[in-house]
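Visitor: Could you take me through one part of this structure slowly, and then set that part against its surroundings?

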Amino acid sequence: MTLRAIFTVLSLVFAAACGENGNHGDMPKDAPAPQIDAGAPDASCFTDPHTYNEIINACTTAVKVYKDSHPPLLNADGSLPALP
Amino acid sequence: MRSLAFLIALAIALPHRAHAATCDTLPNPVYLQVGDTQLNLMKRLGRALRDNKLPDGSPNPITLVFITSGSCTNISAIYTRVPITTNLQYIPSVAEVPAWTPTSATLSCTPPAGGVVPDIANSALFNSACTTDPPPATVNLSQGPTQAYVMAVPMVSSQTAITFEEAYFVFGFGVAGMIAPWVDEAQMFIRTITKSTLLAWAANISVPSNKWKGVMLDGSPMVVSGINSGTAAAIGILGAEVYDANRATMKVLAYRAKGQYAAYYPDSSASSRDKKNVRDGHYTVWSPTIWMDTVDGTGAPVKASARYVVDLIAGKTVTPAPSFGMIDIVAAVGLVPICAMRVNRAFEGGPLSLFTPPESCTCKYESLVDTSSCATCTTSCTTGVCRNGFCEDH
């Protein structure tokens, strides 16, 4: 088995583990814009979660809903404005 | 039409007054003041306890006599010993009303003269979300099943998900938040500020309870009614188990927490009932239910039957064993027993951490709400521990 074949198989395994709605292996459709989730790791799911960020983004067989959201009142740096 | 729906909801929610009896004449009454999200639990557990039997088959009934109110009000009631003076609700035994089901109305009884301080109070979120005062030495706190909270929309809505940021603008700014289609504050059905549903969501979306926009309603049935008669712009907040009982008429929104890559339903899909995402941390809007009873100066329960009920709800082993399965009841009302949780948190809306219960019941729980791939057993397992008929991992 060539190195490329091994890489392909591993990629498919990880894609299957991380997604079930046919959108996976790539960045999710709603991959958070940098101004919203600045500092977040890439969109790969976590297979062995320990921290909060890893737990909420752990690999799962559950249905995921990707939403492209750009609230118009977000500050330019992506932060939330104070409440009125 | 909207008024008619509202009246029908009230008629279903309110106890039947025609059956009014004196509460203290009921068999072994235990008085409770619980959140209205716990009504379905009170109904199913109340029925089971009224028909409870000892292992030898002789009757061992307990009557849950209760009112529903906001979590913060309930905490205050047991901390400061505020008597209940209004009529209370209870569930009839099979012998009394054979045809009664959990969809039936409760019966009504009158409190003893001077009212009655609840033996048990319930908060459907961390007490610290209501008050920073520590509980008095006379009150014992036990953690019960996990309660998830949802945002729901009418069937006419095309929405499937809401993000942390969107929820912040919708409920913190109202119309000015400009998050379509949720730009009509008369179509935003929320709860009053003593209610766990609002407080739990408030902690999760960073909108303090006194800053929320929308129509503040006193009871979950009113939110259900509002959503059901709402337009495509309608949205409401509910306990997940309230939503579960009304799935036929509304849709739950998947929720994407801050820093999360995708939105998730409380369950593994919109149509399942497994609370998988609550249990493993993908759905973040949940709270532990807290059950409080009164203790004496030595820490012993003042009323043994009240502690029996609290321990049952908290998933502890009780003696004598009940003649029904408590996990079955918890699962049936949309709550998650602690023994099936794999994440925990220390305060309302706080970060999740990994959690391992002392004795897992995941296999049993999943067998009730979905299907379990665990091996079944009667006494022992080749791997894991035989418990409740399944080989649990520990």
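Guide: What follows begins at one residue of chain A, Thr51(A), and then turns to the contact between the chains and to chain B. This is a predicted model, in which local features need pLDDT of at least 70 and side-chain atom pairs count only at pLDDT 80 or more, while totals for chains, interfaces and linings use all residues. Residues are numbered from 1 along each chain as its sequence is written, and chains are lettered from A and ligands numbered from 1 in the order in which they are written.

Thr51(A) sits in the loop between α1 (3-18) and α2 (52-56) of chain A, where helices are DSSP runs of H or I with at least four residues, strands are E runs of at least two, and both are numbered from the N terminus. Because 13 other C-beta atoms lie within 10 Å, Thr51(A) is partly exposed (20 or more would make a residue buried, 12 or fewer exposed, with C-beta atoms placed from the backbone). Between the C-alpha atoms of Thr51(A) and Ser69(A), which are 18 residues apart along the chain, the separation is 25 Å.

Where the two chains meet, 28 residues from chain A and 37 residues from chain B take part, contact meaning C-beta atoms, placed from the backbone, within 7 Å. On the side of chain A that touches chain B there are 19 nonpolar, six polar and three charged residues (Ala, Val, Leu, Ile, Met, Phe, Trp, Tyr, Cys and Pro count as nonpolar, Asp, Glu, Lys and Arg as charged, and the others, Gly among them, as polar).

Chain B itself has eleven helices and 18 strands, and of its 394 residues 52% count as buried.
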